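Work through these exercises with the sequence and the model side by side. Try each task before you read its solution.

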Amino acid sequence: MKCIEVPKKYAERTIKLLRALRIMDNEHIITRKDDHVLIPVKKEPPMNNELSSIPMRLIICSPPVKKKKEVKVPAHDIIGDIAVVRENVLEYMSREEIVEALRTTYPRIRTIYLKKGTEGVFRVAELELLWGVDDPSTIHKEYGLRLKVDLRRAYYNPRLSEEHRRIAENAGDGESIFDLFAGIGGFAIHIASLHKATVLMNDLNPYAVRLGVENILLNKKRIKGTIIPLRIDARLALKYFRTESFDRVIANIPRSTHLFEKIYWYLLRSKGMLHLYFLSSISERDEFIKRYFARWKLTGIRKVIDYAPYVFIWRADLVKP
Ligand SMILES: C[S@@+](CC[C@H](N)C(=O)[O-])C[C@H]1O[C@@H](n2cnc3c(N)ncnc32)[C@H](O)[C@@H]1O
């Protein structure tokens, strides 16, 4: 690496001139050697009039590397062009620091929200605007599929993207599938993009159903299966469907799924597959299945996402014997 060695009294002027010429190497630190200063440069400077009047020389040097200012980025989700941070981040960062860190890391985001919790049975986000345009609707991509979301109107969690894919890869052509708590349709869109299956995409929240329909349209070129949007209370499914009508049921209502066990049993054919999402610590996980789903055959269980300290959302794959 090269430096300009210049007597101390000329240092300031030389730095100014080298900066103006964009020759200074800003990744390295300017150092002192006796009564001289060593200025790291990217290349030999041209000897224009001003510089040639300064008594300096080009030497080989090894100045220390500048430490980059570390930006502490809080835990966050990026959903389309929106960044969302949870309220607990405020325990170690101010609102201003959160905004600065996220804007530096993601120069293209247009909105930053603080998520204060989730409200009601529809599990919609309670959001405080930290920066940008107050518009919680955006398009988020999962595996190239475009999903329209509206965070204040319908549940959406980008951390489920992998799970949407895993279930879709597990399903097959010709299947008849009931997603009882579909939200904006992540599972249904993924499944129908991979298979010629028929998926009932149900949610009680009318906004979720409307977004689900928009998502069918947004992905119409990639969908090869059939998606049927539906808005019923899952508790009444017994009333509208014949028993044993489905090959696969997706039950993504982790906090109260045990209350629907009879519905799942009723809807699935014998040997049909139930993907059951539930909330539990590691120590209580197996007990939950034994207590509420004893008559099912457990074929697999995995952790899906973190929910709270020591509490996770799990997926159990259960076959109706
Ligand atoms: C965890 S979210 C579903 C997320 C969705 N599966 C996904 O992958 O994005 C649970 C959903 O259940 C819906 N819900 C709550 N109670 C319901 C009921 N009784 N019948 C149908 N849907 C219900 C909520 O509106 C919410 O969208």
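**Exercise 1. Classify Leu 127 by burial and place it in the fold.**

Start with the count. Leu 127 is partly exposed because 18 other C-beta atoms lie within 10 Å. The scale is this: 20 or more other C-beta atoms within 10 Å of a residue's own means buried, 12 or fewer means exposed, and in between means partly exposed, with C-beta atoms placed from the backbone.

Next, find the element. Leu 127 sits in strand S8 (residues 124-132). Strands here are DSSP runs (E, at least two residues), helices are DSSP runs too (H or I, at least four), and both are numbered from the N terminus.

Last, check a distance. Leu 127 and Leu 114 are separated by 13 residues in sequence and by 5.6 Å in space, C-alpha to C-alpha.

Two notes before going on. This is a predicted model, in which local features need pLDDT of at least 70, side-chain atom pairs count only at pLDDT 80 or more, and totals for chains, interfaces and linings use all residues. Residue numbers start from 1 along each chain as its sequence is written.

**Exercise 2. Do the same for Leu 276.**

Locate the residue: Leu 276 belongs to strand S15 (residues 268-280). Count its neighbours: Leu 276 is buried because it has 28 C-beta neighbours inside 10 Å. Then take the distance to Val 89. The two are 187 residues apart in sequence and 31 Å apart in space, C-alpha to C-alpha.

**Exercise 3. Divide the chain into domains, then describe the shell around the ligand.**

Step one is the bounds. The domain assignment gives domain 1 (2-60), domain 2 (77-135) and domain 3 (156-319). Such bounds come from an automatic or database assignment. The C-alpha centres of domain 2 and domain 3 are 28 Å apart.

Step two is the shell. How many residues are around the ligand, and which come nearest? There are 21, and Phe 181, Gly 183, Leu 204, Ala 234 and Asn 252 come nearest. A residue counts as near if its C-beta atom, placed from the backbone, lies within 6 Å of the molecule.

Step three is the origin. Domain 2 and domain 3 each supply at least three residues of the shell.

Step four is the make-up. The shell has 12 nonpolar, five polar and four charged residues. Here Ala, Val, Leu, Ile, Met, Phe, Trp, Tyr, Cys and Pro count as nonpolar, Asp, Glu, Lys and Arg as charged, and the others, Gly among them, as polar.

**Exercise 4. Trace the pairings of strand S6.**

Begin with its cover. S6 (residues 82-86) has four of its five residues buried.

Now take one partner. Strand S5 (residues 77-79) runs antiparallel to S6, with three bridges between them. Two strands pair if DSSP finds at least two bridges between them. Asp 77 has Val 84 of S6 as its bridge partner. Two residues lie between the strands of this hairpin, and Gly 80 takes a positive phi near 60°.

Then take strand S7 (residues 111-119). S7 runs parallel to S6, and five bridges join them. Val 84 has Tyr 113 of S7 as its bridge partner.

Finish with the connection. S6, helix H3 (residues 95-105) and S7 make a right-handed β-α-β unit. Right-handed means that, with the strands pointing away from the viewer, the path from the first strand over the helix to the second runs clockwise.

**Exercise 5. Describe the two open sheets.**

Take the four-stranded sheet. Its order is S2-S3-S1-S4, with antiparallel pairing. S2 and strand S4 (57-60) are the edge strands, each pairing on one side only. S2 and S3 are joined by three bridges. Thr 31 has Leu 38 of S3 as its bridge partner.

Take the seven-stranded sheet. Its order is S13-S12-S11-S14-S15-S17-S16, with mixed pairing. Strand S13 (226-230) and strand S16 (297-308) are its edges. Strand S11 (residues 176-179) and strand S12 (residues 198-202) run parallel, joined by four bridges. Ile 177 stands opposite Val 199 in S12.

**Exercise 6. Examine Asp 34 and Tyr 143.**

Asp 34 lies in the loop between S2 (31-33) and S3 (36-41). Its phi is near 50°, a positive value in a residue other than glycine. Is Asp 34 buried or exposed? Asp 34 counts as exposed because it has 7 C-beta neighbours inside 10 Å.

Tyr 143 is in the loop between strand S9 (137-142) and strand S10 (145-150). The phi of Tyr 143 is positive, near 50°. Tyr 143 is partly exposed, with 14 other C-beta atoms within 10 Å.
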